[in-house]
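User: I'd like to learn how to read a structure like this one, feature by feature. Could you walk me through it?

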Amino acid sequence: MGTFADNRPWVFRDAQGHLVGFEVDLVRALAAELGRRPDFAVMPFKELLPALGIGDVDIVVCSISVTAERRGRIDFTQPYYETSQAVVVLKKARIRSLADLAGKTVTAAAGTTNEQWLLDNRTRYRFGPAVMVGGLDEGLSLLQTGGADAYFGDLPALLYSLLTRPDLAVAVSLPTDDRYAVALAHGSALTPRVDAALATLKRNGTLAAIHQRWFGSAPPPGSPVTTELPRP
């Protein structure tokens, strides 16, 4: 399983250096359903899908959003989470809208749909320089040191960061509808098996329990966490 370890609360390292998070628990549960042992391969986010394409990993789980472009070159299971993107800033910056970012330095993790949204809308909102980083922690450090004025990321990860960072604020929720799914090589024999195992985790409440563990609440009604869905 290919993943990226700077992605709280999905995949990250605890104080002892162990991989933990929502998606780590998800992969362990999927592996148990399949009678397999999970073997985690950690790499930069932008290398995950290329590694899948050349066969270095069997699956990728790291809040991978389903997009039309990605569907053309890899397989996806049914979605297991639905979210949106957002912009986080330092509270003292007094940035409260996308318009406030005109001429400002903006950042996102390289290779993500956050980067794509930022670049697609850069001219529309007259953003200043765009500096791409390796992940969330690096992006938030850039905010703190003044290297960037705003970080574009996925809303759950940003809200999770706010639990321990009172100096930050989510300034804007972006008009996106992202769904995360397990990514596999195009035509992989594992695709239907992993998808079926994911459906089982939804039916038996395992995935809802993982949601409760990491977000402190039950998933909302109709959420992909509990609702079986067709593969995209």
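**Reading burial, helices, strands and voids**

Analyst: Let's start with one residue: Thr113 counts as buried, because its relative accessibility is 15%. Buried means under 20% relative accessible area, exposed means over 50%, and partly exposed lies in between, with a 1.4 Å probe and protein chains only. Please keep in mind that this is a predicted model, where local features need pLDDT of at least 70 and side-chain atom pairs count only at pLDDT 80 or more, while totals for chains, interfaces and linings use all residues. Residues are numbered from 1 along each chain as its sequence is written, and side-chain values use heavy atoms, with hydrogens and water left out.

User: Where is Thr113 found, and which residues is Thr113 in contact with, leaving aside its neighbours within four places in sequence?

Analyst: Contact means heavy atoms within 4.5 Å. Setting aside neighbours within four places in sequence, Thr113 touches Ser65, Thr67, Arg70, Gln85 and Asp178. Thr113 itself belongs to helix 4. Helices (H or I, at least four residues) and strands (E, at least two) are DSSP runs, numbered from the N terminus.

User: How do I read the length of a helix, for example helix 1?

Analyst: The expected span is 1.5 Å times one less than the number of residues. Helix 1 has 13 residues and should therefore span 18 Å; its end C-alpha atoms are 19 Å apart, which agrees. Helix 8 (residues 190-203) has 14 residues and reaches 20 Å from first C-alpha to last, close to the expected 20 Å.

User: How many residues of helix 1 are buried, and what do they pack against?

Analyst: Helix 1 is mostly covered, with 10 of its 13 residues buried. Among them are Phe22, Val24, Leu26, Leu30 and Leu34, along with the charged-looking names Glu23 and Asp25. The buried residues pack against strand 2, strand 3, strand 4, helix 8 and helix 9. From the other side of that pairing, the buried residues of helix 8 pack against helix 1 (22-34), strand 7 (74-76), strand 15 (183-185) and helix 9 (206-215). The buried residues of helix 8 include Leu190, Val194, Asp195, Leu198 and Lys202.

User: What comes just after helix 1 and helix 8?

Analyst: A glycine with a positive phi in each case. Helix 1 is followed by Gly35, with phi near 70°, and just after helix 8 Gly205 has a phi of about 85°.

User: Now strands. In what order do the strands of the open sheet run?

Analyst: Two strands pair if DSSP finds at least two bridges between them. Here 3 strands form an open sheet in the order 2-3-4, with antiparallel pairing. Strand 2 and strand 4 (19-20) are at the edges with a single partner each, so one side of each has no neighbour in the sheet. Strand 3 (residues 11-13) pairs with strand 4 over 2 bridges, and Arg13 stands opposite Leu19 in strand 4.

User: Which strands pair with strand 12, and in what sense?

Analyst: Strand 9 (residues 85-90) pairs with strand 12 in the antiparallel sense over 4 bridges, with Gln85 opposite Asp154. Strand 10 (residues 106-109) pairs with strand 12 in the parallel sense over 3 bridges, with Thr107 opposite Tyr151. In strand 12, 5 of the 5 residues are buried, so the strand is largely enclosed by the rest of the structure.

User: How are cavities and pockets told apart?

Analyst: On a 1 Å grid over the protein atoms alone, a cavity is a set of points where a 1.4 Å probe fits but cannot get out; a pocket is an open set with protein on both sides within 12 Å along at least five of seven lines, and lining residues have an atom within 4 Å of a point. Grid points are joined across faces, edges and corners, and a volume is the space filled by probe spheres set on the points. This structure holds 1 cavity of 30 Å³ or more. Of the 22 residues lining the largest cavity, the closest to its centre are Asn7, Ser63, Thr112, Asn114 and Asp154. Strand 12 gives the most to that lining, 3 residues.

User: And how much space lies in the largest pocket?

Analyst: About 320 Å³. Of its 15 lining residues, Met1, Arg37, Pro38, Asp58 and Ile59 are the closest to the centre. Helix 1 supplies the largest share of the lining, 4 residues.
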